[in-house]
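Hi,

Here is the structure I promised to pass on. Have a look at it first, and then read on for what turned up.

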Amino acid sequence: MTYNQLWHQLTPPYTDGEAKAIVRLVLQRAFGLSLADILCGKVSELSEHEQDFLEEMILRLQKGEPVQYVLGEEEFCGRLFKTDARALIPRPETEELCNRIIQTCNCPPAASKPLAGCSQLPLSLLDIGTGTGCIAITLALELVEARVTAWDVSAAALSLAKENAERLGAKVSFEHCDILSTQSDERMWDLIVSNPPYVCEREKQDMLPHVLEHEPALALFVPDDDPLRFYRAISNYAAQHLKAGGQIWFEINEAYAQEVCELLEKAHFIDIFIINDGFDKPRFVKGQHA
């Protein structure tokens, strides 16, 4: 089977450009073929066993399964994370979130109050709604002096996150926890970060089928009548459990940037900022505990 034959099998559900990119990614990641190999026709030189495996992958892609689940991995901040239907696929925007936190912890802006603990290592960090563990693991590996804890309400997601931490050699404490329930612990944190569910139910009609039909709804959706439920719960928890000068970072639904800021203001946070992502959309909110 040739490269052209393969990508044509994926149109639909994908456009020509998307189909070509997906097939190239599969051939490169799963079979070690370079772009030059692909264009020179070496796809047809795969063994019978490899051809069978490739056919199985193409069938899964034809059904709309995300290529990251088919491959079983996705790159995030320069590392390959195991991915499957237990958790959301890590997104480039979340990479931006991690990079901004890393930069801030390594070199806090002179105009703001230093992050609590920056001069008194190690930092204590909490990731709420960890999913694959991509945020917590990245911060644990990049901020060597950090003590990182990660929560998720999904036992399945936690099992995946633990597998990723073990594979990548990250020291993270994973805990089964529902932020919407009353928190009784007495721990204090230097930084709390969360990329919680923020897609409203009404937005389903605008979503791509490979997201809507395959990624876990628990990690995606919030009720139309309470879109800020997780931000409210996390802000209230952070108000009681962040050290003075500690920071809170959110990834957000662009439609509710101002409302998230108002929640933090009500919880008496200061230095609250909306930060745009690489597509110039409001995607992150940062606040500091007084």
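To get you oriented: in which loop does His-268 lie? It sits in the loop between α11 and β10 (269–276). Keep in mind that this is a predicted model, so nothing below comes from an experiment.

I start with His-268 for its backbone. Its phi is near 70 degrees, which is a positive value in a residue other than glycine. Asp-280 is another such case, with phi near 65 degrees. You'll find Asp-280 in the loop between β10 and β11 (282–289). Both side chains are out in the open: His-268 is exposed at a relative accessible area of 63%, and Asp-280 is exposed at 58%. I flag the pair because most residues other than glycine have a negative phi.

The other backbone oddity is towards the start of the chain. The peptide bond from Thr-11 to Pro-12 is cis, with omega near -5 degrees, and the bond from Pro-12 to Pro-13 is cis too, with omega near 15 degrees. Pro-12 is in the loop between α1 (3–8) and α2 (16–31), and Pro-13 is in the loop between α1 and α2 as well. Most peptide bonds are trans, so please look at this stretch yourself.

Now the inside. The largest nonpolar core has 35 residues, and those with the most contacts within it are Ile-179, Ile-192, Tyr-231, Ile-234, Ile-248 and Phe-250. Several elements each put in at least two residues: β3 (124–128), β6 (189–194), β7 (199–200), β8 (221–222), α10 (229–241), β9 (242–251) and α11 (257–266). Of these, α10 gives the most, with 6 residues. For a view from within, try Ile-248: beyond its neighbours within four places in sequence, Ile-248 is in contact with Ile-192, Ile-234, Ser-235, Ala-238, Leu-242, Leu-264, Phe-269, Val-285, Lys-286 and Gly-287. Apart from this core lies another one, of 31 residues, including Ile-102, Leu-123, Val-172 and Phe-284.

Two helices that feed the 35-residue core, α10 and α11, also pack on each other, at an angle of about 25 degrees and with their axes 9 Å apart. That angle makes α10 roughly parallel to α11. The crossing of α10 past α11 is right-handed. On the α10 side the contact is made by Tyr-231, Arg-232 and Ser-235, and on the α11 side by Val-260, Leu-263 and Leu-264. By class, that gives 4 nonpolar, 1 polar and 1 charged.

Pro-196 ties into the same region through Tyr-231 and Ile-234: leaving aside neighbours within four places in sequence, Pro-196 is in contact with Phe-230, Tyr-231, Ile-234 and Glu-251. Pro-196 belongs to the loop between β6 and β7, yet it is buried, with a relative accessible area of 4%. Pro-196 and Asp-152 are 44 residues apart in sequence and 9.8 Å apart in space, C-alpha to C-alpha.

Back to α2, which packs against helix α4 (residues 48–62): their axes come within 12 Å and cross at roughly 140 degrees. The two helices are therefore oblique to each other, and α2 passes α4 in a right-handed crossing. From α2, Ile-22, Val-23, Val-26, Leu-27, Ala-30 and Phe-31 meet Glu-50, Phe-53, Leu-54, Met-57, Ile-58 and Leu-61 of α4. By class this contact has 11 nonpolar, no polar and 1 charged residues.

Last, have a look around α7 (134–142). Here 7 of the 9 residues are buried, so α7 is largely enclosed by the rest of the structure. The buried ones are Cys-134, Ile-135, Ala-136, Ile-137, Thr-138, Leu-139 and Ala-140. Thr-132, in the loop between β3 and α7, counts as buried as well, at 3% relative accessibility. Beyond its neighbours within four places in sequence, Thr-132 is in contact with Phe-81, Lys-82, Ala-87, Leu-88, Pro-90, Ile-137, Leu-160, Ala-161 and Asn-164.

Over to you!

Cheers

Definitions and conventions
Residues numbered from 1 in each chain as written. Predicted model: local features only at pLDDT ≥ 70, side-chain atom pairs only at ≥ 80, totals over all residues. Heavy atoms only, no water. Core = buried A, V, L, I, M, F, W, Y, C linked by side-chain atoms within 4.5 Å. Buried < 20%, exposed > 50% of the residue type's maximum accessible area, 1.4 Å probe, protein only. Helix = DSSP H or I, 4+ residues; strand = E, 2+ residues; numbered from the N terminus. Contact = heavy atoms within 4.5 Å. Axes fitted to C-alpha atoms, helices over the stretch in contact; angles between N-to-C directions. Parallel < 35°, antiparallel > 145°, perpendicular 65-115°, else oblique. Left-handed = near helix turned anticlockwise from the far one by under 90°. Nonpolar A, V, L, I, M, F, W, Y, C, P; charged D, E, K, R; others polar.
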